[in-house]
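Me: I am new to this structure and would like a close look at a single part of it. Please start from one residue and work outward to whatever surrounds it, in plain terms.

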Amino acid sequence: MGVFTGANDASRPGNLDGRPYICMGCEATFEVQYHSCPSCGGFDVRRAEWLGE
Ligand SMILES: [Zn+2]
């Protein structure tokens with residue numbers, strides 16, 4: 001539960017191989033949006049599509 005299949009989003013721009021969230025600190029990508037990056041501990045994790053492609 002709480003996990004989308006991604007089938008409806010597969011053709012959308014900005015979808016980075018099913019990992020649409022990116023940390024602006026270390027550029028790690030995630031399937032879900034973390035409140036803080038588990039890799040570098042940064043708090044600036046956002047959807048990649050917000051970056052304008
Ligand atoms: Zn990070």
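Reply: R46 has a relative accessible area of 28%, and it therefore counts as partly exposed. Buried would require under 20%, and exposed over 50%. Everything described here comes from a predicted model.

R46 belongs to strand β3, which covers residues 45–47. The protein chain has three strands and zero helices, and its elements run β-β-β from the N terminus on. Strand β1 takes in residues 21–23, and β2 residues 29–30.

The side chain of R46 has a partner. R46 and D44 form a salt bridge, with 2.7 Å from N to O. Side chains of opposite charge can pair when their charged atoms come close. The structure holds one salt bridge, and this is the pair that makes it. D44 is partly exposed as well, because its relative accessibility is 36%.

R46 also leads back to the start of β1. Its C-alpha atom is 5.4 Å from that of Y21, although the two residues are 25 apart along the chain. For the protein chain as a whole, 32% of the contacts with a separation of 6 or more are between residues 24 or more positions apart.

Y21 opens the way to the interior. The largest nonpolar core consists of six residues, namely Y21, C23, A28, F30, C37 and V45. Nonpolar side chains tend to be buried together in soluble globular proteins. Buried residues make up 23% of the 53 residues in the protein chain. Among the core residues, C23 is buried because its relative accessibility is 0%. C37, at 4%, is likewise buried, and F30 counts as buried at 8%.

Two of these core residues, C23 and C37, also serve the metal site. The zinc ion is coordinated by the SG atoms of C23, C26, C37 and C40, at 2.3 to 2.4 Å. The angles between these four donor atoms are 105 to 116 degrees, and the arrangement is therefore tetrahedral. For that label all angles must lie between 85 and 135 degrees. Along the sequence the donors follow the spacing C-x2-C-x10-C-x2-C. C23 sits in β1 and C37 in the loop between β2 and β3, so this pair ties together parts that are 14 residues apart in sequence.

The contacts of C37 show how the metal site and the core share residues. Apart from neighbours within four places in sequence, C37 touches C23, C26, F30, G42 and V45. Of these, C23 and C26 are zinc donors, while C23, F30 and V45 belong to the core.

S36, next in the same direction, can be read alongside C37. S36 is located in the loop between β2 and β3. With 29% relative accessibility, S36 is partly exposed. Its contacts, again without neighbours within four places in sequence, are G41, G42, F43 and V45. G42 and V45 appear in the contacts of C37 too. From S36 to C23 the C-alpha distance is 8.7 Å, across 13 residues of sequence.

F30 has a further partner outside the core list. The whole structure contains one aromatic pair. Its members are F30 and Y34, with ring centres 5.0 Å apart and planes at 80 degrees, which makes the pair edge-to-face. F30 is buried, given its 8%, whereas Y34 is partly exposed because its relative accessibility is 36%.

The loop between β1 and β2 completes the picture. M24 is placed in that loop, and at 35% relative accessibility it counts as partly exposed. M24 and R47 are 23 residues apart along the chain, with their C-alpha atoms separated by 10.0 Å. E27 is in the loop between β1 and β2 too. E27 is exposed, because its relative accessible area is 61%. Its phi is near 65 degrees, a positive value in a residue other than glycine. Most residues other than glycine have a negative phi.

To return to the start: R46 is partly exposed at 28%, is joined to D44 by a salt bridge, and has its C-alpha atom 5.4 Å from that of Y21. Y21 is a member of the core, and that core includes C23 and C37, two of the residues that coordinate the zinc ion.

Conventions:
Residues numbered from 1 in each chain as written. Predicted model: local features only at pLDDT ≥ 70, side-chain atom pairs only at ≥ 80, totals over all residues. Heavy atoms only, no water. Donors = N, O, S within 2.8 Å, 3.2 Å for Na, K, Ca; no water. Tetrahedral: all angles 85-135°; square planar, octahedral: opposite > 155°, others 65-115°. Helix = DSSP H or I, 4+ residues; strand = E, 2+ residues; numbered from the N terminus. Buried < 20%, exposed > 50% of the residue type's maximum accessible area, 1.4 Å probe, protein only. Core = buried A, V, L, I, M, F, W, Y, C linked by side-chain atoms within 4.5 Å. Contact = heavy atoms within 4.5 Å. Salt bridge = Lys/Arg side-chain N within 4 Å of Asp/Glu carboxyl O. Phe/Tyr/Trp six-rings, centres within 6.5 Å; stacked < 30°, edge-to-face > 60°.
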